[in-house]
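Got the model open in your viewer? Let's walk through it one selection at a time.

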Amino acid sequence: MKKLAHWFPALVALCVVAFVSLVLVRGFDEGDLSRAMPLEGIARIPVSAGGRTKPLDTFARNTLLRLSGRQTCEIDGGTHPAIEWILELWTNPKLAAERRVFRIDHPDVRSLLALSDATRTRFSWMEISPKLDEVVRQAELASQIPRKKQDPFQRQISDLYGKLAEYAEVQSLRTPYTVAPLAAGEEWAPLMGADPRAKPLDTVSAQAFRGMLASYATGDSADFTRRVAGYRALLESKAEEGNLGNGSSASSFEVIMSRCEPFYQASLLYLFAFLLGCVAMLASPISPDRWKPSLLRSALIVIAIAFVLHTVGLVARIYLQGRPPVTNLYSSAVFIGWVCIPLALAGEWFARIGVLAMAASLIGFASLVVAHNLSASGDTMEMMQAVLDSNFWLATHVVVVTVGYSATFLAGFIAIFYVLGGVFTRLLRGDAMKALPKMIYGVICFAAFASFVGTVLGGIWADQSWGRFWGWDPKENGAALIVLWNLLILHARWGGMIRERGVAALAIAGNVVTAWSWFGTNMLGVGLHSYGFMDSAVFALVTFCIVQLALMSVAFVPLARWRSLAAR
Amino acid sequence: MNAFKPLLRSLSSLRLTVVLFALSIVLILAGTLAQTEQGVWMVVERYFRSLFVLIPFQLFVPAKVLGIPGVFPFPGGLTLGVLLFVNLLAAHAVRFTLSWKRAGMIATHAGVLLLLVGEFVTGAFAKEGNMTIAEGQSANYIEDTRTSELAIIDRSDPADDLVVVVPASLLAESAQAPIASGMMPFAVRVVEWMPNARVLGPMQASKLQLARATVGTGTQVAAVAVDVATGVDGADIDTPAAYIELLHDGTSLGTYMVSPRLNAPQTVVVGAKRYDIALRFERNYRSYTVSLLDFKHDRFVGTETARNFSSLVRLSDPTERVDREVLISMNNPLRYAGETFYQASFAPDDSGTVLQVVRNPGWMLPYFSCALVALGLLVHFGARLSSSVRRKIA
C-alpha cells in the first residue's frame with residue numbers, strides 16, 4: 001500500500017497519456033480500412049459554406065448537427081460518420097430519405113405530422129414529406145409573428161421548415177459551394193445554380209467533383225480513391241492561383257481536430273481530476289500524509305494533461321480561424337475555462353490545499369460542457385460581421401474582458417469550496433481556513449482589474465467604430481455590473497464592513513452577476529414572455545442562479561457552527 | 001471650518017461608497033431590464049441621465065409569472081454619478097496623502113473621476129446624427145433620428161426655400177385640437193400619430209388602410225403602427241408616421257399620410273400657392289457638403305454577411321477651402337470640423353450609405369481615463385503581488 005501510494009500519480013499519468021494517444025491515433029485513421037469505400041480523402045476536400053472554406057467533413061458534421069443534434073447518423077443499426085451520410089444524400093437520395101435525421105421535440109409538431117411514434121425524436125424525410133404542405137402552411141402562419149413573440153410550437157415549426165429547406169438545398173448541391181476556384185479572379189461556386197433549368201457549371205473542378213460522386217455511386221473503390229487523390233493534387237497545385245491559401249493542409253488539420261475532439265477529451269479529464277480531488281478529500285482523515293497528497297498530485301497531473309489538450313484545441317482554432325481566441329459565445333466558454341486553470345494552479349502553488357485544483361477542474365469541466373451545448377447551431381468558426389472584423393480589438397478588449405469573467409467565476413467557485421468545506425467538513429482547519437480567503441480576495445482584485453480595463457477597452461472600440469464610448473446597451477451594462485460588483489466587494493472589505501466570510505458570500509453572488517452578464521443579457525432579446533429553443537438555457541441559468549444563492553446563504557451559518565472552525 | 005470637517009468626513013466614508021455601488025448596480029440592472037420594453041435612448045434619459053427615476057416593480061418579475069402594479073422611486077444616474085464623484089474627492093481630501101505607496105490608488109481614482117466627467121460631458125454636450133446619402137448625391141445636413149419634424153416648404157422664392165417646421169413632440173401631443181400659427185399657411189389636425197411605423201406597399205395594404213388618407217402618397221401606400229424599437233433588439237431608430245388633416249379657413253384640404261419612410265415630399269395647393277410637406281428627421285445644416293462617389297459593400301461568398309463596407313466621399317467646405325476625397329470604412333472614421341463620420345449602415349439595395357456623425361467634445365477623456373486606471377491598478381496590485389510572492393519564496 002505504501003508503495004502504491006507513492007507510485008499512484010505516475011500510474012495515473014501513464015493511463016491518461018495512453019488514453020490521449022489512443023484518441024490521437026483515432027484522429028488520424030477512423031477505421032477507414034474496414035469500410036467498403038475509403039472516406040479519408042474526400043473528408044478533407046475543401047468546400048465553402050457560410051463564407052468560410054472548410055473541409056467537406058466539417059460541413060457534413062455541422063449540417064447533421066443542425067438537423068439532428070448529432071454529428072453521426074444511424075444507418076441500418078450502425079453509427080456512421082456524417083461524411084458517409086452526406087455522400088449517400090448526394091449519390092442515393094432515395095435511400096438517404098429514409099435516414100432519421102430531423103429532430104422534432106415538440107409533441108404538437110409531431111402530432112401535426114402524424115408522427116405517432118413517441119419513442120423517437122428523430123424522423124426521416126420520407127416520414128415528414130406527406131405533410132410537407134402543412135409544414136409550409138404552419139411556418140408561413142408563424143412567420144407573421146416576430147420571432148421573439150412566437151410560442152414554442154411556432155418556433156419549432158419554423159425551425160423544422162428551415163431544416164427541411166436546408167436539407168433540400170444540400171441535397172440539390174446548391175449548398176455548400178463545392179466548385180473550387182482554380183484561377184485568379186474566380187470565386188467559389190455551387191455545383192447547381194438557383195435556377196434548375198440553367199446549364200450546370202462545367203469547370204475543371206466541377207467536373208472533378210461530379211466525377212467523384214459518380215464514382216462513389218458505382219461503389220468502385222479503386223476508381224473513387226484515384227479520383228479523390230487526383231482532385232486533391234489538383235487543388236494543391238492551384239492553391240496559389242485560386243487563392244485557396246493553405247486551404248488544403250488546413251483542411252486536413254481541421255478533419256483531424258474534429259475527430260480528436262480535444263475539448264471533449266479535456267472535459268472528461270477535468271471531470272476525472274475533480275473526482276480524484278474528491279477522493280483525496282475523503283482520504284484526508286484516513287491517510288492525511290500518504291494518500292491525500294498522492295491523490296492530489298494525481299489530480300494536478302491530470303489537470304495539467306487536460307490543460308495541454310485544452311490548449312491544443314484553442315491554438316488549433318486560432319490557427320484555423322486566423323483570429324484571437326474569443327470570437328463568439330462558444331469560444332468565450334472555452335476560453336473562460338482555459339484562463340481559470342493556470343490562475344488556480346498558481347494559487348495552488350501558493351497554498352497546497354487541493355481546493356483550488358478542485359475548483360479549477362470543476363470550472364474546466366463546466367465551461368467545456370457549456371461550450372458543447374452552445375455548439376449545436378453548427379459552425380463554431382463562422383465569419384465575423386464587418387463591425388467585429390478587427391483582430392486588434394478582439395485580441396485586447398474581448399480577451400481581457402473574458403479573462404475578467406473567468407477570474408470572477410474562479411473567485412466564486414473557490415468561495416463555494418471555502419463555504420461548503422468550512423461549514424460541513426473539518427477538512428479546512430488551520431492554514432487552509434486562512435489561505436482560502438486570501439486567494440478569493442486576490443482573485444477578486446485581479447477580476448476587478450481585468451473586467452474594468454476590458455470594459456473600458458470595449459468602450460474605446462465602440463468609440464472608434466461608431467463614435468459612442470458608452471451606449472448603456474444590455475451587453476455593456478452587463479460588463480459594468482461585473483466591474484461594480486467586484487469593486488463593491490473590495491471597498492466593503494477595505495472599509496471593514498465585511499471580512500473573510502462576507503467576501504466569500506459576495507464572491508458566490510458574483511457567479512450570479514457574471515452568469516447574468518454572460519448569458520442573461522443575450523436571453524433578454526428573446527422577450528420575457530416566450531422562450532423557445534432557449535428554454536433549456538433559460539432553465540439552466542435560473543437553476544444555476546438559485547443554487548448559487550442557496551450556497552451563498554450557507555455562508556451565513558453562525559461561525560461557531562462551522563465545523564472547520566470548531567475546536568479540535 | 002470645524003463644522004465643515006464632520007460633513008467632509010461623512011461624505012468621504014467608504015460605507016457611502018459601497019452603498020452607492022449597490023444603488024448603481026440596482027439602477028443598471030433596472031435600466032437593462034427596461035430595455036425589453038423601451039428604446040435605449042428613452043432608458044438612457046430616464047434612468048441614467050436623470051436625478052431620479054420611478055422604477056416599475058414589474059421589471060424584475062416576468063409578467064406571465066406574476067403581475068405586480070406600482071413603481072418605486074430611485075436615485076437616477078446623474079444623482080449617483082455626482083455622489084460618487086463627491087465621495088471620491090472627499091475621500092482623497094480627508095484620508096489620502098501623496099506617497100509612492102498611494103500613487104497607484106491615486107492614479108486609479110483620478111482615472112475613475114475622469115470617466116465620470118467624460119460620461120457627464122457626453123450626456124450634456126454630445127450630438128449624434130445620421131447622414132444618408134445616395135450614390136452620386138450629396139448632403140449638407142445631419143439628421144437627428146431621435147426627433148422628427150413636419151416641414152412645410154414654400155419654394156416660391158427661387159433663391160431660398162422658406163421652411164416652417166412643426167416639431168414631432170407637438171404632433172404627438174395634440175390629438176384633436178388643430179395646430180395653427182401665423183407662419184403656417186394652413187392648420188394641421190393630427191388624426192393619428194405613430195411613434196414607430198411600417199409602410200405597406202400598394203399590394204400589401206388593405207383598401208381600408210389606403211382609405212385613411214384622402215390625398216397624396218397615402219392613397220397608394222399605408223402606414224401601420226409597430227412596437228417601438230427596444231434596446232435589447234439592438235435597433236435604436238424609430239421611424240414615425242402620421243395621418244394629418246390640413247385645414248385652411250375651416251375647410252379641409254384633405255388627409256395626408258406623412259413619414260420619413262416616404263422618399264419625396266408631397267404637394268399641397270392652397271389657393272394659387274403650392275407648398276411641399278414632409279415628415280422628416282430633424283435636420284441640422286452644416287457649412288460643408290459630403291458627396292457620395294462610390295459605396296462598396298462586400299459580402300462573404302455565398303452569404304448575406306457583410307464582410308466590409310466603405311464609402312468613398314468628397315468633402316467640400318468652401319469657407320475653409322476644403323475639397324478632397326476621403327474613404328470612410330468600418331473602424332476607419334473621418335474626423336472633420338470637430339465631428340466624426342463613421343460608416344454606420346447602408347440604404348436598401350446598397351444604393352447609398354448611412355454615416356453616423358458624432359460631435360463629442362469629451363471623446364478623448366475615456367482614453368486618458370483608461371490609461372490612468374490601468375497604470376494605477378498595475379502599480380497598486382503589482383506591488384502587493386510581488387511582495388506576497390517574495391514572502392512565499394523567502
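Start by selecting residues 46-49 and 52-55 of chain A: these are strands S1 and S2, which run antiparallel and are joined by 4 bridges. Keep in mind as you look around that this is a predicted model. Now pick out Ala49(A) and find its bridge partner in S2(A), which is Arg52(A). The two strands make a hairpin with 2 residues between them. Click on Gly50(A) in that turn and check its backbone: phi is positive there, about 60°.

Stay on S2(A) and show its side chains. Are its faces covered or not? Both are covered: on one side sit Arg52(A) and Lys54(A), on the other Thr53(A) and Pro55(A), and all of these are buried.

Next, bring up chain B alongside chain A. Select the contacts between them and you should get 51 residues on chain A and 55 on chain B. Which elements of chain A supply at least two residues each to the side that touches chain B? S1 does, along with helices H18 (431-466), H19 (474-494) and H20 (500-524). Highlight H18(A) in particular, as its 12 residues are the largest share of that side. Then colour this side of chain A by residue type: it divides into 30 nonpolar, 17 polar and 4 charged residues.

Finally, zoom out and colour chain A by domain. Domain 1 covers 37-246, domain 2 covers 261-375 and domain 3 covers 407-568. For a last stop, put a distance line between the C-alpha centres of domains 1 and 2 of chain A, which lie 36 Å apart.

Note on methods:
Residues numbered from 1 in each chain as written. Chains lettered and ligands numbered in written order. Predicted model: local features only at pLDDT ≥ 70, side-chain atom pairs only at ≥ 80, totals over all residues. Domains from an automatic or database assignment. Buried ≥ 20, exposed ≤ 12 C-beta atoms within 10 Å, placed from the backbone. Pairing = 2+ DSSP bridges. Contact = placed C-beta atoms within 7 Å. Nonpolar A, V, L, I, M, F, W, Y, C, P; charged D, E, K, R; others polar.
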